[in-house]
Each structure stands twice: as C-alpha cells, then as structure tokens.
Amino acid sequence: MLGVIAKQLKSHPALIPLFIFIGGGATMSIMYLSRLALRNPDVSWDRKNNPEPWNNMKPDQQYKLFAVNMDYSKLKKEGPDF
C-alpha cells in the first residue's frame with residue numbers, strides 16, 4: 001500500500017501538500033479528541049472512586065482550551081462546598 005502511494009507521489013508531486021495537510025488535520029483532530037477525553041471535567045472514567053469530577057474543580061483552574069478575555073487566577077468561588 002505504501003509502495004503504491006510512493007509511486008503515485010513520484011509521478012504526481014502536486015499531491016504531496018495534499019497528503020501533508022490531510023495528515024496534519026487528522027493528527028490535530030486525534031490530539032484534540034484525546035484532550036477532551038482525558039482533561040475535560042465532564043468526562044468520568046473512574047466512577048467508583050470519583051463519580052463527580054466536576055465537583056473537584058477549583059475556581060481558578062482552567063479547563064477550556066481557549067478562553068477569550070478570561071483570567072482564571074482572579075476568579076473566586078461563588079457557591080457552597082458540598
């Protein structure tokens with residue numbers, strides 16, 4: 001399979017950027033999905049030891065990938081402790 005792809009790329013060099021961008025997009029999407037699955041407080045992988053991980057979030061802890069005009073270090077907790 002890789003031999004066929006290499007042969008096509010040698011005969012059509014204009015396909016090289018296409019393969020680079022498709023591969024880069026696939027890699028970035030896999031990295032983003034793995035970040036969502038592992039770092040998001042809404043996802044609970046261990047239900048016996050930590051059934052509600054969103055309750056352990058500190059008010060100054062950033063869990064979003066990108067936040068516009070938000071300084072998490074200055075936030076204060078507004079709700080009660082359960």
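**Close-up views of a predicted two-helix chain**

**View 1. Contacts and surface of the whole chain.** Among contacts in the chain between residues at least 6 apart in sequence, 12% join residues at least 24 apart. The model is a predicted one, and its secondary structure comes to two helices and zero strands. Of the 82 residues in the chain, 4% are buried, while the accessible surface comes to about 7800 Å², with 62% of that area belonging to carbon and sulfur atoms.

**View 2. Alanine 6 in helix α1.** Helix α1 spans residues 2–11 and includes alanine 6. Alanine 6 has a relative accessible area of 33% and is therefore classed as partly exposed, since that class lies between the 20% limit for buried residues and the 50% limit for exposed ones. Although alanine 6 and isoleucine 16 are ten residues apart in sequence, their C-alpha atoms lie 9.9 Å apart in space.

**View 3. The segment annotated in UniProt.** An unreviewed UniProt entry places the feature "transmembrane region" at residues 15–38. In the predicted model, the chain over residues 15–38 is 96% helix and 0% strand, and the C-alpha atoms at the two ends of this stretch are 35 Å apart.

**View 4. Phenylalanine 19 and a nonpolar surface patch.** Phenylalanine 19 is found in helix α2, which covers residues 16–39. With a relative accessible area of 42%, phenylalanine 19 is partly exposed, and together with Leu18 and Ile22 this residue, Phe19, makes a nonpolar surface patch of about 310 Å².

Methods. Residues numbered from 1 in each chain as written. Predicted model: local features only at pLDDT ≥ 70, side-chain atom pairs only at ≥ 80, totals over all residues. Heavy atoms only, no water. Helix = DSSP H or I, 4+ residues; strand = E, 2+ residues; numbered from the N terminus. Buried < 20%, exposed > 50% of the residue type's maximum accessible area, 1.4 Å probe, protein only. UniProt positions renumbered as here; feature names shortened; annotations may be inferred. Patch = residues over 30% accessible without salt bridge, like charges linked within 9 Å, V, L, I, M, F, W, Y side chains within 5 Å. Areas by Shrake-Rupley, 256 points an atom, 1.4 Å probe, with all protein chains shown as cover. Salt bridge = Lys/Arg side-chain N within 4 Å of Asp/Glu carboxyl O. Contact = heavy atoms within 4.5 Å.
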